[in-house]
Amino acid sequence: MIRKRILLVSLLKPVSDTRLYEKIGQSLAKLPDTEVHVAGYIAPIPPAAENTGITFHPVFHFKRLSLGRILAQGRFWKLLNQVRPHLLIIGTHELLPLSALYCRLHACKLVYDVQENYYLNLTTQQVYPGLIAKIAGNLVRFMEKMLAPAIAHFFLAEQAYARELPFLGQRYTVLQNKYLPAVTNPAAKRSLPVALTQHRPLRLLYSGTISRLYGVWEAIEFTSRLRNWVPDVQLTIIGYCAEAAYLTELRAQIKDLSFVTLLGGDALVPHHEILAQEQRHHLGLLPYRPHPSTFTCLPTKLFEYLANGLVVVTEENPLWEEILRQTNGGLTHAFAQELTAEKVEQLLRRTYYQKGIPADVFWKEEAQHAQQVVRQLLDQSFTC
């Protein structure tokens, strides 16, 4: 029997990416008679990967604004002709043109994993100057619309994308960035329900992308203010900062703050190290600055914090507030405002997770959806 080859590719994410490799890739590797390949930015292969049967291709390495980013298209085309997939799943909009061409020439099914609303990001996050950002955002949206007919199916990381992206039609499945545990019940070692008054020192965590938009400075300010009531509070910041100038600024800001520890910063941090920190801390912070590009999204670390039994404090946001209400896993706070004694009392003395860790923050159901879609697409590919 012919083994059906599946290739998952991201131009900008590491080959060990949490979503493409750990979640989607490992889920599809469990399908019978399949051969799964994952390609991405050069990064260490996770130690546990050798037991998955997945083949890795760490083929991309360039500075974000460089000629190397353009030349990476040639490496991608070479990879396609090397692996010759029957199903191609891409997680970067820049790969759409060559992907559509390859799939047309080789009767390969194409899946676009929409991890972000790139148009909204480019036009609102001020990463590039105004006119350049507007041109780039509209070019991306034009390309997505023009190539949408060539895409067999869309995976969406956020439910909101079904409303925000006009080119999807009905060919989409929402696969939220829920938590895939390394063990069956990662929060079993925690004594649930949780009350923060029992923890000394009280350890706070900011994990993931380090940036102004995601509120790393707000996390530091929140911790500093909380120390007025709880002097032995500590903050760990772990993740990668893509903006070198901001990282230098951040290091200068925290160099005299003994209660702040920075892990990573100028290098990608393996996901298993981030998860290990989540399991050692008591309170997880999501101090995102209110912004249209994140307001309708459920961050990966929100699911991770909930699954690991951390008490979660998020910026005020109706979507996040509802999740915390349903799970009894935390509360919201306007990080730009001062902490009040009433807020601190509410945070520390409230009892969380009275019904235990909620089952719907885990990846299991998303894995089943991904497997179902891919089985159907592969069956179509082999009957064409």
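Q: In this predicted model, which residues line the largest cavity?
A: Let's start inside the protein. The cavity has a volume of about 40 Å³. Its lining can be read in two stretches of numbering: one holds Glu315, Glu316, Asn317 and Trp320, and the other holds Tyr288, Arg289, Pro290, His291, Thr294 and Phe295.

Q: How many cavities of 30 Å³ or more does a search of the whole structure find?
A: The largest cavity, at about 40 Å³, passes that cut-off. With the whole structure searched, the count is one.

Q: By class, how many residues in the lining of the largest cavity are nonpolar, polar and charged?
A: Tyr288, Pro290, Phe295 and Trp320 are in the lining, and these residue types count as nonpolar. Arg289, Glu315 and Glu316 also line the cavity, and Arg and Glu count as charged. The full tally is four nonpolar, three polar and three charged residues.

Q: Which element gives the largest share of the lining of the second largest pocket?
A: This pocket holds about 360 Å³ of space. It is lined by 17 residues, and those closest to its centre are Lys30, Leu180, Pro181, Trp363 and Lys364. Two elements give two or more residues each, helix 13 (364–383) and helix 1 (18–29). The largest share, five residues, belongs to helix 1.

Q: By class, what does the lining of the second largest pocket have?
A: Among the residues closest to the centre are Leu180 and Lys30, and Leu counts as nonpolar while Lys counts as charged. Over the whole lining, the classes are seven nonpolar, six polar and four charged residues.

Q: Why is strand 5 described as largely enclosed by the rest of the structure?
A: Side chains in a regular strand alternate between the two faces of the sheet. In strand 5, Lys109, Val111 and Asp113 point one way, while Leu110, Tyr112 and Val114 point the other way, and all are buried. Strand 5 (residues 109–114) is largely enclosed because its buried residues number six of six.

Q: Which residue of strand 6 is the bridge partner of Val111?
A: Strand 5 pairs with strand 4 (residues 87–90) in the parallel sense over four bridges, and there Val111 is the partner of Ile89. Strand 5 also runs parallel to strand 6 (residues 153–156), again joined by four bridges. In strand 6, the partner of Val111 is His153.

Q: What kind of unit do strand 4, helix 3 and strand 5 make?
A: Strand 4 and strand 5 are parallel partners. Helix 3 (residues 96–106) joins them in a β-α-β unit, and its handedness is right-handed.

Q: Which strands stand at the edges of the six-stranded open sheet?
A: The order in this sheet is 10-9-8-11-12-13, with parallel pairing. An edge strand has a single partner strand, so one side of it is left without a neighbour in the sheet. The edge strands are strand 10 (260–265) and strand 13 (330–332).

Q: Which residue stands opposite Thr314 in strand 13?
A: Strand 12 (residues 311–314) pairs with strand 13 in the parallel sense, over three bridges. Across from Thr314 is Thr332.

Q: Is Val361 buried or exposed?
A: Val361 sits in the loop between helix 12 (341–349) and helix 13. Buried means under 20% relative accessible area. The value for Val361 is 3%, so Val361 is buried.

Definitions and conventions: Residues numbered from 1 in each chain as written. Predicted model: local features only at pLDDT ≥ 70, side-chain atom pairs only at ≥ 80, totals over all residues. Heavy atoms only, no water. Buried < 20%, exposed > 50% of the residue type's maximum accessible area, 1.4 Å probe, protein only. Pairing = 2+ DSSP bridges. Right-handed = clockwise from strand over helix to strand, strands pointing away. 1 Å grid on protein atoms, 1.4 Å probe; cavity = no way out; pocket = protein on both sides within 12 Å on 5 of 7 lines; lining within 4 Å. Points joined across faces, edges and corners; volume = space filled by probe spheres on them.
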